[in-house]
Amino acid sequence: MSERRYEAREIEARWQSVWAQEGTWEVDNRTSQATAGIRSHPPGGTTRAQSDKSYVLEMLPYPSGEPHIGHLKNYAIGDAIAHFRRRTGHRVLHPMGYDSFGLPAENNAIKTGVHPRVATEQSIAAFQRAFRSWGISIDWRREIASHEPDYYRWTQWIFLQLYKRGLAYRKESAVNWCPNDQTVLANEQVIDGRCERCGHEVELRQLEQWFFRITDYADRLLDDLDRIDWPEHVKTMQRNWIGRSVGAEVNFRCAELGIDYPVFTTRPDTLFGATFFVMAPEHPDVFRLAAGTPNEQAVHQYVNHALTESAEERGDAEKTKTGVFLGRTVTNPVTGEEIPMYVADYVLMEYGTGAIMAVPAHDERDHAFARAYDLPIRQVVAPKDGSAVDLRTEAYVTKADDAILVNSGDFNGLTPKAGFERIVHWLDLEGIGHPSVNFRLRDWLVSRQRYWGCPIPIVYCDEHGMVPVPEDQLPVTLPEVQDYQPRGRSPLATAQDWVNTTCPRCGGPARRETDTMDTFVDSSWYFLRYCDARNDDQAWDPAVLREWMGVDQYIGGVEHAILHLLYARFFVKALADMDLLDVQEPFNALFTQGMILGPDGQKMSKSRGNVIPPTPLIERFGADSVRTYILNMGPPDQDAAWNDNALSGAHRLLSRLWTLGSELGAGARGPLATGDAEAVIQPADPSGDGLTLVRKANWAIDRVTSEFVGRFGFHNAIAAVTELVNDLYRYPQADIEARKFAVATAASLTFPFAPHLGAEVFEMVTGRRAWEEPWPAPDPAMLVADSFELVCQVNGKVRDRVRAPSGSSREQLEQLALAAPGIVAHLEGHELVKLIVVPDKLVNVVVR
RNA sequence: GCCCGGGUAGACAAACUGGCAAAGUCGGCGCUCUUAAAAAGCGCUGCCCGCAAGGGCCCUGCGGGUUCGAUCCCCGCCCCGGGUACCA
C-alpha cells in the first residue's frame, strides 16, 4: 500500500527543468532575415499562411518589488490560452518583458539613494523567478526590458519617425502640472483633477512641452473600434474619451471691432435662442474686447482669478456659475439681434473655439448662467403636443422627434433634427457657418521632467534650433546623475557633460533635451519588438511583423482601457502609415481580467493589510493549485475576493487526480522515463460504469473546449473536470481501459490550467507528454445518450419526469407525458387546452 | 447627472440568452477509517408541513406586463460596482 501523496514542489521543479532545458515554449520566426538568437527558417522552406499562428500576449508587468497575486491571475489566464492554442495546431508566440522605466523606481531612488536601475533590475529578477516557478510557458529568447539601451534605442527611433512626419512636436500650452511629482502629466493621467500616481491636486501651467499628434487619428481610432473583438464597455470608454461631437461652426460678428468670432455648437437648431455669448478666460481676445469699456477692470480681475484656480475647482460643475460682462456685443446671425458678450470660466479654451453661443432655454449650463445674471431665456424648442414647459426652473433639453422648433422664423415646426440640417445648410449658403466636428481627445503630452525614462533624442543648437539626433547615433543613453530630486526641471539637466554636446548639423555647441518620455511611450510598441526582439539593425523586420501581428489575444486589466490601449492603437496606425507594418490594429481580441480582492472584499493594499503574497502559497500548495484556484474563483473577467479555504479545494482536486494517476499508472515514472507509451485510446465498446465514465470524459472535453473558444469561463471548465474526477471516484469498478481513458482525459484537460500536474498525471497513465498531444476532440457518439428524462409540465410547472428514448416523435412524447402519474393527478377536473412539445426535452400540458 | 456592468442558497457561482433554477467549489451538519487527531473517502445541506416515505406551497433585488412556459424579453422602481463629468 503506497503512502505516496501529491508532492507539488517536486513535480513542478522537475517539469520546469524539462521545459527550460528543451526550450519547449520557444517558437522560431519563419521569415528569412535571420537575427541572432531566434532561428528563422530559410526562404523557400515551408511558408504556410499566417493562419496557423497565434500571438497570445498578457500586458507586460511594471517591475516594482515582488509580483503580486494579480499578476499571477493575468499570466495564468494567458498561459491557459497559449497552451490551448498550441495544442489546437497553432504556432504560439507567447513572450515576456518589463515596462521598467517609471516613477516608483525613481521615487524610491530619491528616498534611498539607490539607483533606479538597481531596484528595477532586482525586481525584474524577482519577476523572472516567479514566472519560472509559476510554470508560465514563455519564449525567453524574446525577453525585453524597456529601460535597456537595446530597447529604448528603438523607442527613440520611433520618436524620430514621428518627429519627421510632424506627429511629434513642441508647443506651449496650458498643461497639467503635478507639484508633488514635479512633472507634467497627460490629460489621461489626471483623474478628478488629481495626479493619477500620487493623488496630489494638479495645477495648470503654461509650459512648452512635447506632444504626439494623436488627434490626427481621432476618426480612425473611433471607427476601427468596430473592427476589433474587445469587450463592449472598453470600446465605449474609448469612444467617450475620443468624444466625437457633430455640429456646426457659426460666426458671431462683433460689429464695433469688426471681428468675427466663430463658435462650435452641437445644437445649431437652437440658434434662434442664443441670447448671449461667452468666452473662456484664456481666450486671447478677452482683454482686447474689454479694453476701453467700463468693465475693463472687472474683466482683468475675473480672468486673473480664473487662471489661478486649480483644475479641480475649475472643473466643478456644481458650483455656481460666475462671469463678467465684456462691455461688448455680437450679432446673432439669424435674428440680427445684438447680444452681450461675457467671459466665464465654465467655457474651456481647449475645446471648440474657446467661445460659445449661449442658449439658456435649452442648455443647462447656459440656463444656470442666465439665471445668475438675469439674462433673457428664449424658448425655441417646444413639445410637439403643444404642452407648456417651465423654463424658469430648468432648461428644456431635447433633440427628440416629439419636439419642434418655435420662434425660429422659417424653421418653425421642424423637428430639432430636421432644423439642425436646414439651419446648417442655410448658414453654409450665407457664408456664416458650416458643418463641423469636434473631439474631446487632446494631443498626447509625452515629455516628463523626470530622470528614469527614455531620453528624448533632440538637441538644441544656437544656430539650427531643434535638431534630431541622427539615427546612427542612437541610443542617446541616460546619463548617471547624483541627485534624482526633481526641481521643476528634469534631473538630467544637472548632468552637464551629457547636456552639453555638439550640433549634429554644424558641430557647434548644443544642448540636449533633458526631458524624458512618458513611460506609456515605451509600452506602446513592445508587442512589435517581441516579434523580432534580438534584431540589432532595426526596430523590427517588417516581414517578421507580417508573420506575427496582430496580437490574437491580449489579456490585461481594465485600468488600461483608455491610456495604454489607446496609445498603442495610435502607434500602430502611425507606424502603418509609414509602411513599417501592415496591420491597423495591434490587438484583435482583448480580454480584461477582474481584480483579486482581499479576503475582506476590499481592494488589496499594504495600508489595509489584506495583501496576499503569492510566494508562500506557491511554496505550500504548488503553483498548479494556486493557478487552478485563481481560475476557478469565478468568471475571470470579474472581481473576486480571496478565500484560503477555496484554494485548498483546488489543491484537493489536483491531489485527487494525482492519486488516480498514480493508481492507474505504474507509479510515477519521471518525465524522462522510457515507459511503454500508449496513445490515449477510447475503449471500443464500453459498457456499464465504463460507459458512464467514457461519456463523462467526452462531455468534459466538450465543455472545456467550448470555454476556450468562447468566453474563457475557466471556472466552468474546471468544474467539468471536477465532475469527471468525482465520477472516477464514484465508479471505482469501471473497467481499467475506461478508467485510464477518463484519467488521461482529465489530465489532458487540466494541463492548460495546471501544466505540471497535468503533464505528470498524463505521463503516469500514458507515458506521453501532454503538451505534445493534440487537444482532444469529443466523440459525437458519446455525447448523446440513448434515452433522456422527459420533463412533464402542467401549465409550465414540473409535475413529473419519465424516461423517453432520444429522438422520439412528438406523438410518442405526448403519450408518455399524458400517462405520467404526476400529470394524470393534475389533469383531474381540468379541460385539456393544448400540448407543447419540445423534442428531447419536455412536454407542457396546458389545461383550464 | 449621463453611459456601461451587476443583484440567484450562508459565500463564490452555473443554467449553452425563453424550456427541470441552483452544476462545481467553499462553509455547515453527519458518517466511514483511526486509540485519537489530521489526511483521505462517503452522504445530507433553499423555505414550510411530516418521525418518515412523501406531499404541498413558495423561491433568481422589488412591483407590474408579454408568454403554454421568464434568471433570460418589455415597462416602472430600489440597491451595489465601474467609467465619465461645465466638451457647448
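Q: Are H19 and H24 roughly parallel or roughly perpendicular to each other?
A: Two packed helices are described by the angle between their axes and the distance between the axes. In this predicted model, H19 (residues 623-632) and H24 (residues 755-766) pack at an angle of about 115°, with their axes 7 Å apart. They are therefore roughly perpendicular to each other (65 to 115 degrees; under 35 is roughly parallel, over 145 roughly antiparallel, the rest oblique). Axes are fitted to C-alpha atoms over the stretch in contact, with angles from 0 to 180 degrees between N-to-C directions. Helices (H or I, at least four residues) and strands (E, at least two) are DSSP runs numbered from the N terminus.

Q: Which residues of H19 and H24 meet?
A: Ala623, Asp624 and Arg627 in H19 meet Pro755, His756 and Leu757 in H24, where contact means heavy atoms within 4.5 Å. The residues of this contact comprise three nonpolar, one polar and two charged (Asp, Glu, Lys and Arg are charged; Ala, Val, Leu, Ile, Met, Phe, Trp, Tyr, Cys and Pro nonpolar; the others, Gly included, polar).

Q: Are H23 and H24 roughly parallel or roughly antiparallel to each other?
A: The axes of H23 (residues 736-750) and H24 come within 8 Å and cross at roughly 155°, so the two helices are roughly antiparallel to each other. On the H23 side, Lys740, Val743, Ala744, Ala747, Ser748 and Thr750 take part, and they meet Leu757, Gly758, Val761, Phe762, Val765 and Thr766 of H24. By class, this contact of H23 with H24 has seven nonpolar, four polar and one charged residues. Leu757 thus appears in the contact of H24 with H23 and in that of H24 with H19.

Q: At what angle do H19 and H22 pack?
A: H19 and H22 pack at about 115°, with axes 7 Å apart. Thr628, Leu631 and Asn632 of H19 make the contact with Phe714, His715 and Ile718 of H22. That contact divides into three nonpolar, three polar and no charged residues.

Q: Which helix gives the largest share of the surface near RNA strand B?
A: Helix H22 (residues 714-730) gives the largest share, seven residues. Of the 55 residues around the strand, those that come nearest are Thr266, Arg365, Arg652, Glu723 and Arg801 (near: a heavy atom within 4 Å). The surface near RNA strand B has 20 nonpolar, 18 polar and 17 charged residues.

Q: Which parts of RNA strand B lie within 4 Å of the protein?
A: Of the strand atoms within 4 Å of the protein, 66% belong to sugar or phosphate and the rest to bases. At the backbone, a polar side-chain atom of Glu723 lies 2.3 Å from a sugar or linking oxygen of the strand. At the bases, a side-chain N or O atom of Gln793 is 3.3 Å from a base nitrogen, and one of Asn844 is 2.4 Å from a base oxygen.

Q: Where do Pro475 and Gly550 lie?
A: Most residues other than glycine have a negative phi, and most peptide bonds are trans. The bond from Leu474 to Pro475 is cis, with omega near 0°, and Pro475 is in the loop between strand E22 (465-468) and helix H13 (496-499). The bond from Met549 to Gly550 is also cis, with omega near -5°; Gly550 lies in the loop between helix H16 (542-548) and strand E26 (553-557).

Q: Is the phi of Gln182 positive or negative?
A: Gln182, although not a glycine, has a positive phi of about 55°, in the loop between strand E5 (168-178) and strand E6 (183-185). Asp579, again not a glycine, has a positive phi of about 60°.

Q: Which conventions apply?
A: Residues are numbered from 1 along each chain as written, and chains are lettered from A and ligands numbered from 1 in written order. Local features need pLDDT of at least 70 and side-chain atom pairs 80 or more, whereas totals for chains, interfaces and linings use all residues; side-chain values use heavy atoms, without hydrogens and water.

Definitions and conventions
Polar contact = N/O pair within 3.5 Å; in protein donor to acceptor, adjacent residues only side chain to side chain.
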